[in-house]
Every structure is written in structure tokens, then in C-alpha cells.
Amino acid sequence: MQGTFYVVGVGPGDPELLTLKSARILNGCPVWFVPSAFDDGGSMALRIAHGAVRSEGKTILSHRFPMKQVHRGRPPDPEVQAAWHQAATTILAALDRGEDVAYPTLGDPAIYSTAFYVCETLQAYGASCRIEIVPGVSAIGASAAVAGLPLCLGDERLVVIPATFADARIRELLALADVAVCMKVYRVMDRLVPLLEELGLVDQSVLVERCSLADQRIWPDIRQAVGRELHYFSTLIVRKKPPAAL
Ligand SMILES: C[S@@+](CC[C@H](N)C(=O)[O-])C[C@H]1O[C@@H](n2cnc3c(N)ncnc32)[C@H](O)[C@@H]1O
């Protein structure tokens, strides 16, 4: 019988935020297909999974995905597309051998995870394999928690913004939001902070770096993050109306 492909959310970093279900599925799968964004094969998701689940005896298939932007509705960059196809081929081969495959992914799989492109590629192949998505704790909720902020209350609107967007698009989205969560901010604070300053939103913003990890840092004054090298694990929350203080 063909195996099942599990996309498993492993949370934002603290292994205690990896759910019981994610741990059970990872434990039960003989093959882990591990995304890496680094040429040395290093993977954040694998490091997190290792903190909660033993990996001895597992077949670990490491796969490098290029860190390039994907624009939905436009053909992907050929290097990116080739990586998805290669991933789908490798996963399908293991499934066809009857092995269950787990794909550990950072945070929650539903939010900017490459795993969904791999699922789409499998489906485009006409593969009829069983796919199960196992949710995880997103960096969005985890960052709000450590900042002591609600993401939305009452009739407030929450907008999630990839900070790699052009300024005009960020402005548009900020105008719609009561609360905005900006992800992938680590290389763009030098342009994001002046933009927020201009909109009078700097003092309503907080930056959370390496949320839930031992060296987590909260930047209540985001001006101080300008010109600094930030970790990829950095999320900015803009809350226009302050909530009651905790
Ligand atoms: C490709 S997205 C993946 C999001 C992930 N699927 C989730 O649900 O959290 C990567 C972005 O998530 C955010 N992120 C992930 N882990 C984080 C952490 N521990 N602390 C702060 N931000 C984090 C950062 O904004 C990072 O650039």
C-alpha cells in the first residue's frame, strides 16, 4: 500500500510548542523529508523537530529550496520549479515503496510554507497519494504571545503582510489593517521603519526576534533595529489601537 505524505507544523522554535500530534506523526514516519534553505543542508524545521522527537533510525532526506520569491498567478522561477519537482519525485518514490513521509515545516504549514507547493506539484503529477496537513503553532500567534498583545479584538481587522512587498503595497495593506503582522522583515527594517515613521506607526510597533527560543529578543523601540543584522526569525506587529495593558 502506498504511504501517506504528512506536512507537519513544528512551531516557531521552542520544542514545547511542537504539538503532541506533530510529535506522534513525526515519530511514526520512517522518512523525514526536510526542507533546507541553506547550501550546507541546515534546516530550522529539523532542528526544532530534533528538540521534541528522536530521529535515530529515520531516513532523513534533505532538500534545498532556493529562497526566491513566488508570485501566485505567475510562472515560478525555473530554479524554484525544478526544486519543487525534484522534491515531489523523491517523496513519491518513498510513498510508492509504502513508506509514510513527514515533511516538518516551520510554524504552521498554512502560512507561507513551501510544503504546499510540493503538495500542488504532487497533485499536478496526477499522484493520488494521501496527503495530511498537521497544523502547528505559527510565529504569528507565538510572537503576539511574547509581546503580550492580542492580534484582534471585537471588530478589528488583522492583516498579514510579507515585508518583502513594495512600499506602495505595504502602505495599502497597512491602511486596511487595525493590526498588521509583517513577516520576513529581517532584511527590510531599514526601509520599513522610515515608512512606519511616516505613517505615525512606529510607536505602535513591536519587533520579535527568535520568538520562543533561548535568545529571543523583543524590540519595543523598532528604531533600534535599523542598521542591525536581524535573524530570519523576526516578526513585526503593528497594533494601531493599544489594548488594555496586561
Ligand atoms: C516562510 S515564513 C514561515 C512562517 C511559518 N509557517 C509560521 O507559521 O510561522 C518565515 C517567517 O516566519 C517568521 N518566523 C518564523 N519563526 C519565527 C520565530 N521563531 N520568531 C519570529 N518570527 C518567526 C519570520 O517572519 C520569518 O521570516
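The exercises below, each with a worked solution, concern a predicted model of a single chain.

**Exercise 1. Overall form**

Determine how many helices and strands the chain contains, and why the chain can be called as compact as a globular protein of its length.

*Solution.* Begin with the secondary structure, which comprises seven helices and ten strands. Next, set the radius of gyration of the chain, 19 Å, beside the 18 Å that the globule rule gives for 246 residues; the two values are close, so the chain is as compact as a globular protein of that length. The C-alpha trace, taken along its principal axes, spans about 60 × 40 × 35 Å. Finally, consider the interior and the contacts: 37% of the 246 residues are buried, and of the contacts between residues at least 6 apart in sequence, 71% join residues at least 24 apart.

**Exercise 2. Two domains**

State where the domain bounds fall and how many residues of each domain are in contact with the other.

*Solution.* The assignment divides the chain into domain 1, residues 4-134, and domain 2, residues 139-239. The C-alpha centres of these two domains are 27 Å apart. Across the boundary, eight residues of domain 1 are in contact with ten residues of domain 2.

**Exercise 3. The surroundings of strand 4**

Decide whether strand 4 is largely enclosed or largely open, and identify which strands are joined to it by parallel bridges.

*Solution.* First, count the buried residues of strand 4 (residues 101-105): five of the five are buried, so the strand is largely enclosed by the rest of the structure. Second, sort these residues by direction, which places Val101, Tyr103 and Thr105 on one side and Ala102 and Pro104 on the other, with all of them buried. This can be set against a general rule, namely that side chains in a regular strand alternate between the two faces of the sheet. Third, follow the bridges: strand 1 (residues 4-9) runs parallel to strand 4 and is joined to it by five bridges, with Val7 standing opposite Tyr103. Strand 2 (residues 31-36) also runs parallel to strand 4, through two bridges, and here Val31 has Val101 as its bridge partner.

**Exercise 4. The five-stranded open sheet**

Work out the strand order of the open sheet, which strands form its edges, and how strand 8 runs relative to strand 10.

*Solution.* The five strands are ordered 6-7-10-8-9, and their pairing is mixed. The edges are strand 6 (158-162) and strand 9 (217-219), each of which pairs on one side only. From one strand to the next, the twist averages 20°. Within this sheet, strand 8 (residues 205-209) and strand 10 (residues 234-239) run antiparallel and are joined by five bridges; Ser205, for instance, has Val238 as its bridge partner in strand 10. Helix 6 (residues 167-176) lies across strand 6, strand 7 (179-183) and strand 10, and runs at about 165° to strand 6.

**Exercise 5. The two sides of helix 7**

Explain why the buried residues of helix 7 can be said to line one face, and name what covers them.

*Solution.* The buried residues of helix 7 (residues 189-198) include Met189, Leu192, Val193 and Leu196. Viewed down the helix axis, the buried residues fall within an arc of 100°, so they line one face of helix 7. The covering of these buried residues includes strand 7, strand 8 and strand 10. On the face turned away from the buried side, helix 7 carries the exposed residues Asp190 and Glu198. The helix is followed by Gly200, which has a positive phi near 70°.

Conventions:
Residues are numbered from 1 along each chain as its sequence is written. This is a predicted model: local features need pLDDT of at least 70, side-chain atom pairs count only at pLDDT 80 or more; totals for chains, interfaces and linings use all residues. Helices (H or I, at least four residues) and strands (E, at least two) are DSSP runs, numbered from the N terminus. The radius of gyration is taken over C-alpha atoms; the globule rule is 2.2 Å times the number of residues to the power 0.38. A residue is buried if 20 or more other C-beta atoms lie within 10 Å of its own, exposed if 12 or fewer, and partly exposed in between; C-beta atoms are placed from the backbone. Two residues are in contact if their C-beta atoms, placed from the backbone, lie within 7 Å. Two strands pair if DSSP finds at least two bridges between them. Axes are lines fitted to C-alpha atoms, for helices over the stretch in contact, and angles run from 0 to 180 degrees between N-to-C directions. The arc is that of the directions from the helix axis to the C-beta atoms. Domain bounds come from an automatic or database domain assignment.
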